[in-house]
Amino acid sequence: MCGIVGYVGQQEAAPILLDGLRRLEYRGYDSAGIAVCGDGQLRVKKSRGRLQVLSDLTHDGADLPGHLGIGHTRWATHGEPNDINAHPHVSQSGRIAVVHNGIIENYAELKEQLLHKGYGFRSETDTEVVAQLLDYYYADCGDIFEAMIRMLHAVDGAYALGIICADYPDRLLCARKDAPLLLGFGEGENMIASDVTAIIRHTRDIAYL
């Protein structure tokens, strides 16, 4: 069972994301990754194997400064467990990062449409289709919220999604359908998680989507 955690606020996001993912380790996973927005850009680190590998790669998150981020632990479904297939997945423009639990049932059809529109794919996952589709709609309308609405109308399946965009450094986006996701509220900060265990250290004020 995959795990999601996200943060936006005044603190450094990466250490909070890593801590949240550690609290989800009991669910099992084969790879892990985080994406953080800082200085107008997205920084992503992900790796196959234990979370400690990711923690070492990022010096416990110090290498990814920023106050907005998402993290994920993954059990492979689409594509083998490796660094490329690990979440988060980043759009072709490099402006959008996505973590996802669940299955996008029509991903092959959507992927084919995006290939015809000039999009390339690095991974074997259904999740990368969400990132590229969101990028396509964002390029068309220039508003990440409108783009997300269009994307959600296009995808079929079960999903819990955490999304960040470099152009919106104070916004953490999420959506769910038939997969668990909750919101956590703090003083000047908010969080998302697939399991309350990931954020209970930071807040007990939560709402299930």
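Which residues form one aromatic cluster? The views below, drawn from a predicted model, begin with that cluster.

**View A. Tyr119, Tyr136 and Tyr137 make up one aromatic cluster.** The whole structure contains four aromatic pairs. In one of them, Tyr119 and Tyr136 meet edge-to-face, with 6.4 Å between the ring centres and 80 degrees between the planes. This pair links distant parts of the chain, 17 residues apart: Tyr119 belongs to the loop between α3 and α4, and Tyr136 to helix α4. Tyr119 is buried at 9% relative accessibility, whereas Tyr136 is partly exposed at 28%.

**View B. The buried residues of helix α5 line one face of the helix.** Helix α5 spans residues 144-154, and its buried residues are Ile144, Ala147, Met148, Met151 and Ala154. They line a single face because, seen down the axis of α5, they fall within an arc of 120 degrees. The elements that cover these residues include the helices α3 (107-116) and α4 (127-141) and the strands β6 (96-104), β7 (157-165) and β8 (173-177). At the N-terminal end of α5, Asp143 acts as a cap, with a side-chain oxygen 2.9 Å from the backbone nitrogen of Phe145.

**View C. The side chains of Ser55 and Asp60 are joined by a polar contact.** The distance of this contact is 2.5 Å. Ser55 is part of helix α2, which comprises residues 51-57. With a relative accessible area of 1%, Ser55 is buried. Apart from neighbours within four places in sequence, the residues in contact with Ser55 are Leu18, Arg22 and Asp60.

**View D. Lys111 lies over the face of Phe121.** The distance from Lys111 to the ring centre is 5.2 Å.

**View E. A cis peptide bond connects His87 to Pro88.** Its omega angle is near 5 degrees. Pro88 is located in the loop between β4 (68-74) and β5 (89-90). Most peptide bonds, by contrast, are trans.

**View F. Asp39 and Asp178 each have a positive phi.** Most residues other than glycine have a negative phi. For Asp39, phi is near 55 degrees; this residue is found in the loop between β2 (31-38) and β3 (41-48). Asp39 is exposed, at 70% relative accessibility. For Asp178, phi is near 60 degrees; Asp178 occupies the loop between β8 and β9 (182-186). Asp178 is likewise exposed, with a relative accessible area of 62%.

Conventions. Residues numbered from 1 in each chain as written. Heavy atoms only, no water. Buried < 20%, exposed > 50% of the residue type's maximum accessible area, 1.4 Å probe, protein only. Helix = DSSP H or I, 4+ residues; strand = E, 2+ residues; numbered from the N terminus. Arc of directions from axis to C-beta. Contact = heavy atoms within 4.5 Å. Polar contact = N/O pair within 3.5 Å; in protein donor to acceptor, adjacent residues only side chain to side chain. Phe/Tyr/Trp six-rings, centres within 6.5 Å; stacked < 30°, edge-to-face > 60°. Lys NZ or Arg CZ within 6 Å of the ring centre and 35° of its normal.
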